[in-house]
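Student: Please give me a close look at a single part of this model, the second largest cavity. I would then like to see how that part sits beside the other openings, the domains and the charged pairs.

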Amino acid sequence: MTRAMSPSRRGFLGLLGAAGAVGVAGLAGCGFPRGTLGEPLTSELPLPRPFRVPLPVPRVARPVRSDGDTDYYEITQRESEVEILPGVRTAVWGYDGLFPGPTIESRSGRRTVIRHRNELPVPVAVHLHGGHTPPEHDGYPTDLVLPVGDAARSGYAGHAGRAGWSFHRGAKEYAYPLEQRAATLWYHDHRMDFTGPQMYRGLAGFHIVRDDEDDALPLPKGDKDIPLMICDRAFAADGSLRYPALDPSLRDEPGVRAAYMEGVLGDVVLVNGAPWPVLEVANTRYRFRLLNASNARHYQLALDPGPPEGASFLQVGSDGGLLPAPVEHTALRIAPAERYDVVVDFSGYPVGSEINLVNTLGSGGVGRVMRFRVARRERDEASVPGRLSEYEPLRRSQAARVREFRFRRGTVHGMKGWTINGKAFDPTRMDARPSLGDVEIWRFTTDFHHPIHLHLVNFQVLSRNGGGPRESDAGWKDTVDLEVYDEVEVITRFTGYRGRYVLHCHNLEHEDMAMMANFETV
Ligand code: C2O
Ligand code: CU
Ligand code: CU
């Protein structure tokens, strides 16, 4: 077995601390063919026939108490056995033992406090992706919650005292001010070097922020407003989730087998944790909050057959909430961590129609996602207005400065990994210090396919390869998809909280193999 990263049991950080020497090798002339996005794993048991399992919708968590301005929740992270493939038991690591975790619903401006108790055998960090959150509650990768009653295990206790690491014993209270507009956020694990395998085991859930502006629109509501978490997995013969970790206990040694360093791909597509599910719908409009929660897989979503007239997807929101006006798509590319809030209108399909949501970047099993079956006729109460929200486009002339970030394959101490500006992630090194209140342009260049995510702020895509943004780049985003050799500029205003945050590739194998950098708002 060849290994990527981690020649020492102290993990990747230990290496960097030792010498800090990072070489970037083989950049010139190493062409990556478009479409090479990761390495597929094959399931070792028979896969179910698609479109048999009803679509589950994650339950909405209830606060344990509320006061004038805050709702309090308690979540226990634990292992549980669930039925993902019909008739097969699969062990997952879930928030309250669930995969996906319970959906948290918050009001904009109302504080949400979530106490996370860790009954898993490994440390965790919880990140609210898309949250405008103070640094001590943001789930920084080395700000860890240790397992209950197991605070001194050698593997990670070895990190104690190392600069930049902190530990909470058994539980941590995360407080979210949520002074931000309505949007589809999600929460997931963010443990240093182990985010890929820990999310793969199930540590991800929705966190939906609502506000008056969004509520006042006549968009589909209630049971016609459905979050869809799309991710791929592979299964071992015993029903467990297959992942090529060097250390399957995920205790000490990070990294994946070398063949998987570009990203781990499964052969089963799950929506809300169910394989190729089916949803019965009325012949009306529905609002779907699409999230790609895959480790590495990109999708191009389309409806088959498409509607007899009109676009398949009417996009009303992006990562950061409502667009100024709806945007039509016949196909929608979605990179890991991106969200698209879309309205699909089933009124053009006769009752009895079956419409597949397909992935045109895949074939066979990974070419399908789920199915809608038009089961009944109903009067449609919903509509999509031509104007959705206020939007302030940021202009190039407002920017106080431009920073460059180069995302590249690299070599660290003779091993393969991923780098930003030639460097591997080091929690003790500050890579950028934007001032609060400033507008900045961040220019990203790449050799490979990387979905780039910033914590704390939302941004606007300013340009792609010298031209304008794509249609699907519209609105406020926190993750932008870079394709092979792309150059993308984003513009943002740093607001809110002072402190240390990260930006990173959201291909989780790249993230775990060092494609992360720090910024500090000052
Ligand atoms: Cu969704 Cu830092 O990640
Ligand atoms: Cu984030
Ligand atoms: Cu990447």
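Tutor: In this predicted model, the second largest cavity has a volume of about 60 Å³. Its lining consists of 14 residues. Those that lie nearest the centre of this cavity are Asp193, Pro197, Gly255, Val256 and Asp512. Helix H5, which spans residues 508-512, supplies the largest share of the lining, namely three residues. Sorted by class, the lining of this cavity comprises nine nonpolar residues, four charged residues and one polar residue. The second largest cavity is one of five in the structure that reach 30 Å³ or more.

The open counterpart to consider is the largest pocket, whose volume is about 430 Å³. A total of 23 residues line this pocket, and His132, Arg181, Asn458, Trp476 and Thr495 are the closest to its centre. Three elements each give two or more residues to the lining: strand S11 (183-189), strand S29 (450-454) and strand S32 (487-493). By class, the pocket lining holds 10 polar, seven charged and six nonpolar residues.

The domain division provides the wider frame. Domain 1 covers 65-216, domain 2 covers 224-376 and domain 3 covers 396-521. Between the centres of domain 1 and domain 3, taken over C-alpha atoms, the separation is 23 Å. To the contact between these two, domain 1 brings 28 residues and domain 3 brings 25 residues. The size of an interface is often expressed as the accessible area that is lost when the parts come together. For domain 1 and domain 3, the area buried between them is about 2000 Å², with 57% of it on carbon and sulfur atoms. The number of salt bridges between domain 1 and domain 3 is zero.

Salt bridges do occur in the structure, which holds 42 of them. One of these joins the side chains of Arg107 and Asp212, with an N to O distance of 2.7 Å. Arg107 belongs to strand S5 (residues 104-107) and Asp212 to helix H4 (residues 212-216), so this pair ties together parts that lie 105 residues apart in sequence.

To return to the part you asked about, the cavity of about 60 Å³ has nine nonpolar residues in its lining, and helix H5 gives three residues to that lining.

Terms used
Residues are numbered from 1 along each chain as its sequence is written. Chains are lettered from A and ligands numbered from 1 in the order in which they are written. This is a predicted model: local features need pLDDT of at least 70, side-chain atom pairs count only at pLDDT 80 or more; totals for chains, interfaces and linings use all residues. Side-chain values use heavy atoms; hydrogens and water are left out. On a 1 Å grid over the protein atoms alone, a cavity is a set of points where a 1.4 Å probe fits but cannot get out, and a pocket is an open set with protein on both sides within 12 Å along at least five of seven lines; lining residues have an atom within 4 Å of a point. Grid points are joined across faces, edges and corners, and a volume is the space filled by probe spheres set on the points. Helices (H or I, at least four residues) and strands (E, at least two) are DSSP runs, numbered from the N terminus. Ala, Val, Leu, Ile, Met, Phe, Trp, Tyr, Cys and Pro count as nonpolar, Asp, Glu, Lys and Arg as charged, and the others, Gly among them, as polar. Domain bounds come from an automatic or database domain assignment. Contact means heavy atoms within 4.5 Å. Buried area is the accessible area (1.4 Å probe) that two parts lose on being put together, summed over both. A salt bridge is a side-chain nitrogen of Lys or Arg within 4 Å of a carboxyl oxygen of Asp or Glu.
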